[in-house]
Amino acid sequence: MIEQTKDKIAVIGAGIIGLCSALRLQKMGFQVTIFDGNGVSNGASFGNAGHFATEQVFPLADPSLLPKIPRMLIDPLGPICIRPNYILQAIPWFLRFFAAMGPAARVHNTAAITKLNDQSLTQWKLLLKGIDGLNFLTMQGSLLTYEAGSIDNLAADYLMYRAKDVAVDMIDQDQVQTLEPLLSDQILGALYFTDVGHTISPINLSQCIFSAFTEAGGRLVAENIDRITTQFNPIIVESDQQSYTFDKLVICAGAYAKALTAQIGYQVPLEVERGYHLMVPMTQQLNRPVASNDRKFIMTPMQEGLRLAGTVEFGGLVNKADYRRSDMMLTHAKALVPQLASLQLHQLPEQARWMGMRPSLPDSLPIIDFCQKNPNVIFNFGHQHLGLTWAAISAQLITEIIAGKPSTLDLSPYRITRF
Ligand SMILES: Cc1cc2nc3c(=O)[nH]c(=O)nc-3n(C[C@H](O)[C@H](O)[C@H](O)COP(=O)(O)OP(=O)(O)OC[C@H]3O[C@@H](n4cnc5c(N)ncnc54)[C@H](O)[C@@H]3O)c2cc1C
């Protein structure tokens, strides 16, 4: 019997997007090698809020942000800010972002986000079931809370989500207390998203996927890829140590994908939305992720404590982290969780603070596509605030591209050539 040789595939990036893609491809029988000099999930996928946020159907380019932009430029501790030394570099991205605020663009982008969200949990459950990892997905819904400053918006926001068929209940102060007795009575009401999930450990989830990948025969090379040559087949990928050849290449380099795609001739407007977290100890724990509409951050119950996460900082790839942005979330959490009232920042270890880089395109959509110049090159990056949520469905879509199977979704909104 002649054994069919399966193609060799290189995946650049061992974040959650690369790991899910590599696992799916390895399980299909390809010989997959992941390259990442930073190890497994040490980028954005390490410290995210662990929220499978399928309720987040609206693109970030929202006209209501416009009046807030002057403040973004002067307040380094606001929920959204731009580092002063990065303003000029951020302008081209912001021009496209403003264009994406138009009504037609918002309708188009909301629909494209919703399509990914609709498949997200089904695909996660399938992936996790196949690796005995369903314990990494907790289905308890999530809350978006409203205090005095925003309670008047609750009903309108509820209708906005309902209009997009998001599974949501509007609940009052007493119902909030019943669901989450640890929350302060400063919270006057909430949106309760009933069909969303969370994980209590994004990093252990990644490690579980990586173990399944290696058990299936995949391997990790702990080197960064500096150069790719894709005009000819086989494709050549080069680190500073060695050069390798592959039949196919999948680029999942998150915030760093821009430089790699530029080598193929694509100038993608990928920017970095830097976000922060702070881990705090809890004696009793929340039951589900709780976000604050007033304070613009989220608290997710995790294995090691409560993860306070969020904020957006435009500062590029090289500026140092400003951990005051992690610290400021403790003040907000204390207002919402009385149990934390006496906790002081100096009591927390240094590693409680973290910064990660969300890879964001101005239309809030990822790039899930193949290269027109060489269809053996596949792109899977730019998942902005929803990379955990979209990792399994993105992996499914790129395996369909590679296997030449009909696509689960119409991929036209996610094409690299849209820019
Ligand atoms: C504070 C915060 C909270 C978040 N909360 C959520 C949430 O609750 N839910 C959600 O869905 N999403 C959330 N996100 C977003 C989510 O974390 C990201 O969208 C997701 O992690 C992106 O995954 P990735 O694999 O594309 O990128 P990464 O995890 O950054 O992985 C990219 C990898 O590529 C590697 N790499 C880069 N260049 C090269 C190269 N040349 N050669 C080899 N390797 C390379 C890097 O080392 C890195 O490991 C959050 C993000 C932040 C910052």
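Leaving aside its neighbours within four places in sequence, which residues is isoleucine 12 in contact with? They are Phe35, Ile225, Ile251, Cys252, Ala253 and Leu260. The structure is a predicted model. This briefing covers a mixed open sheet of 6 strands, a nonpolar core of 106 residues, the shell of 44 residues around the ligand, and several individual residues.

**The sheet of 6 strands**

- The strand order of this open sheet is β9-β2-β1-β13-β20-β19, and the pairing is mixed.
- The edges are formed by β9 (219–221) and β19 (367–370); each has a single partner strand, so one side of each lacks a neighbour in the sheet.
- From one strand to the next, the twist averages 20°.
- Strands of a sheet pair through backbone hydrogen bonds, in either the parallel or the antiparallel sense.
- The pairing of β1 (residues 8–12) with β2 (residues 31–35) is parallel and extends over 5 bridges.
- Within that pair, isoleucine 9 has valine 32 of β2 as its bridge partner.
- Helix α10 (residues 387–403) lies across β13 (248–251), β19 and β20 (377–381), and runs at about 170° to β20.

**The nonpolar core**

- The largest nonpolar core has 106 residues, of which Val11, Ile12, Leu19, Cys20, Ile251 and Leu308 touch the most other members.
- Helix α10 gives the most to this core, contributing 9 residues.
- In soluble globular proteins, nonpolar side chains tend to be buried together.
- Ile251, a member of this core, is also one of the contacts of isoleucine 12.

**The shell around the ligand**

- The residues that come nearest to the ligand, out of the 44 around it, are Gly15, Gly43, Gly254, Gly275 and Gly387.
- Two or more residues of the shell come from each of α1 (16–27), β14 (271–280), β17 (305–314), β18 (353–360) and α10.
- By class, the shell comprises 20 nonpolar, 22 polar and 2 charged residues.

**Strands β14 and β18**

- Over 8 bridges, β14 and β18 pair in the antiparallel sense.
- Histidine 277 stands opposite tryptophan 354, which belongs to β18.
- Strand β18 is largely enclosed by the rest of the structure, because 6 of its 8 residues are buried.

**The sheet of 3 strands**

- A further open sheet has 3 strands in the order β10-β11-β12, with antiparallel pairing.
- Its edge strands are β10 and β12 (243–246), each of which pairs on one side only.
- In this sheet, the twist from one strand to the next averages 20°.
- Strands β10 and β11 run antiparallel and are joined by 3 bridges.
- Arginine 227 has glutamate 238 of β11 as its bridge partner.

**Backbone features in loops**

- Most residues other than glycine have a negative phi, and most peptide bonds are trans.
- The peptide bond from asparagine 233 to proline 234 is cis, with omega near 0°.
- Proline 234 belongs to the loop between β10 (227–229) and β11 (235–238).
- Lysine 296, a residue other than glycine, has a positive phi near 55°.
- The loop that holds lysine 296 lies between β15 (290–292) and β16 (297–302).
- Lysine 296 has 15 other C-beta atoms within 10 Å and is therefore partly exposed.
- Serine 364 likewise has a positive phi, near 65°, without being glycine.
- The loop between β18 and β19 is the location of serine 364.
- Serine 364 counts as buried because it has 25 C-beta neighbours inside 10 Å.

**Asparagine 48**

- Asparagine 48 is placed in the loop between β2 and β3 (51–52).
- Asparagine 48 has 29 C-beta neighbours inside 10 Å and so counts as buried.
- Not counting residues up to four places away in sequence, asparagine 48 touches Pro202, Ala309, Gly356 and Leu388.
- Between the C-alpha atoms of asparagine 48 and aspartate 36, which are 12 residues apart along the chain, the separation is 19 Å.

Key. Residues numbered from 1 in each chain as written. Predicted model: local features only at pLDDT ≥ 70, side-chain atom pairs only at ≥ 80, totals over all residues. Pairing = 2+ DSSP bridges. Helix = DSSP H or I, 4+ residues; strand = E, 2+ residues; numbered from the N terminus. Axes fitted to C-alpha atoms, helices over the stretch in contact; angles between N-to-C directions. Contact = placed C-beta atoms within 7 Å. Core = buried A, V, L, I, M, F, W, Y, C linked by C-beta atoms within 7 Å. Buried ≥ 20, exposed ≤ 12 C-beta atoms within 10 Å, placed from the backbone. Near = placed C-beta within 6 Å. Nonpolar A, V, L, I, M, F, W, Y, C, P; charged D, E, K, R; others polar.
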